[in-house]
Amino acid sequence: MLIGDVRSISFDRAWGNMENEHWKDRRRDDIPRQQSASKERLTEVVEEIDAALPEDDVDLGIVREFESENWSIGSELAVLAPRKILRGFLVPVLEVPTRVPVTLKLFALIRISGGRDLLVRENHGFGYHYHYVLADKRRTTTMLCWDTRWRSPVKDEPKGLNYRPLFHQLHNDSSKNITASPGSWGDKKRKSVRKACVPDLRRQNVADFLCAARDAEAVWPRGAAVTPDLARIDDRRWQELIVEHLPNPSHRYRRD
């Protein structure tokens, strides 16, 4: 519960700045770094639990996993100044680890007890994305993400500022939000949405953005599909993808 509080409070605090129009006094890329009371309490709880745990031997596999990454407990959200679009807003959101450190003893306890979702790799699964907001500033269930795995066909423009596909999908923190209908947007709205995101793409590295989910739907250009994550594709699906793109389906290639 406390971990969820850190996440929701961090978002609500920054969203309050938007609703009160405090964001007009901030730079577009200014990221708030306020420490919430819940985060401070989470740090205290982690220290208390670690002090109470016995100094038992830890399984070697868990030790190796712990040492292979930098781990935190949970994540929090930083909200940047909104971007105006046709009939609404896009709010850039950066999900970041809480940076509340995890000791080996606590890591082992969480892994053994089945609470793996409480552990966060500090260098994976985070990045900028956008929440779609109605013109009256009500939040919606829609978030927007670039396809960060897409590769530009233009040699001199690796970021693909004019071509990189943008997608929409549902975000996790959506239980209290309005359901939007991005599938019904016309071309003018879709282009407005993408145009509002391009300055961030120009300013940041592509790797700084959260990649669109596999089942996300295209905003612009229409008909685009999210680039498959080849590292997560098994050999059978790999062959299917190759066959789909080969002029001669009789050919077969291996992934080596």
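Strands supply much of the cover over helix H5: the elements in contact with its buried residues include S3 (83–85), S4 (88–97), S6 (127–133), S7 (139–146), S8 (166–170) and S9 (217–220). Contact here means heavy atoms within 4.5 Å, and buried means under 20% relative accessible area, with exposed over 50% and partly exposed in between (1.4 Å probe, protein chains only). Helices (H or I, at least four residues) and strands (E, at least two) are DSSP runs, numbered from the N terminus. The model is a predicted one, where local features need pLDDT of at least 70 and side-chain atom pairs count only at pLDDT 80 or more, while totals for chains, interfaces and linings use all residues. Residues are numbered from 1 along each chain as its sequence is written, and side-chain values use heavy atoms, with hydrogens and water left out.

The covered residues of H5 themselves are a mixed bunch: Lys189, Arg190, Ser192, Val193, Arg194, Ala196, Cys197, Val198, Asp200 and Leu201 are the buried ones. H5 runs over residues 187–203, and its end C-alpha atoms sit 25 Å apart, which agrees with the 24 Å that its 17 residues should span at 1.5 Å a residue. That expected span is 1.5 Å times one less than the number of residues. Still, H5 has a kink of about 30 degrees at Cys197, shortly before the proline Pro199. The bend at a residue is taken as the angle between axes fitted to the seven residues ending there and the seven starting there.

Beyond H5, in the loop between H5 and S9, comes Gln204. Gln204 counts as buried, at 17% relative accessibility. Leaving aside residues up to four places away in sequence, Gln204 touches Tyr128, Lys159 and Phe209. Of these partners, Lys159 is 45 residues away in sequence, with a C-alpha to C-alpha distance of 9.8 Å from Gln204.

Gly127, in strand S6, is buried too, with a relative accessible area of 3%. With residues up to four places away again not counted, Gly127 touches Val93, Leu94, Glu95, Asp208, Phe209 and Leu210. The C-alpha atoms of Gly127 and Cys211 are 8.0 Å apart, although 84 residues separate the pair along the chain. For the protein overall, 74% of contacts between residues at least 6 apart in sequence join residues at least 24 apart.

Then there is the pairing of helices H3 (residues 60–67) and H4 (residues 104–112), whose axes come within 10 Å and cross at roughly 115 degrees. Axes are lines fitted to C-alpha atoms, for helices over the stretch in contact, and angles run from 0 to 180 degrees between N-to-C directions. The crossing is right-handed; in this scheme the near helix is turned clockwise from the far one by less than a right angle, and an anticlockwise turn would make it left-handed. H3 brings Ile62, Val63, Glu65 and Phe66 to the contact, and H4 brings Leu104, Phe107, Ala108, Arg111 and Ile112. By class, that makes seven nonpolar, no polar and two charged residues. Ala, Val, Leu, Ile, Met, Phe, Trp, Tyr, Cys and Pro count as nonpolar, Asp, Glu, Lys and Arg as charged, and the others, Gly among them, as polar. The buried residues of H4 are Lys105, Leu106, Phe107, Ala108 and Ile110. Just after H4, Gly114 takes a positive phi of about 80 degrees.

As for backbone oddities, most residues other than glycine have a negative phi, and most peptide bonds are trans. Arg87, in the loop between S3 and S4, has a positive phi near 55 degrees. Lys137, in the loop between S6 and S7, likewise has a positive phi, about 75 degrees. Their surroundings are another matter: Arg87 is exposed, at 54% relative accessible area, whereas Lys137 counts as buried at 19%. The peptide bond from Trp220 to Pro221 is cis, with omega near 0 degrees, and Pro221 lies in the loop between S9 and helix H6 (235–245).

Overall, the protein has six helices and nine strands, and buried residues make up 45% of its 256 residues.
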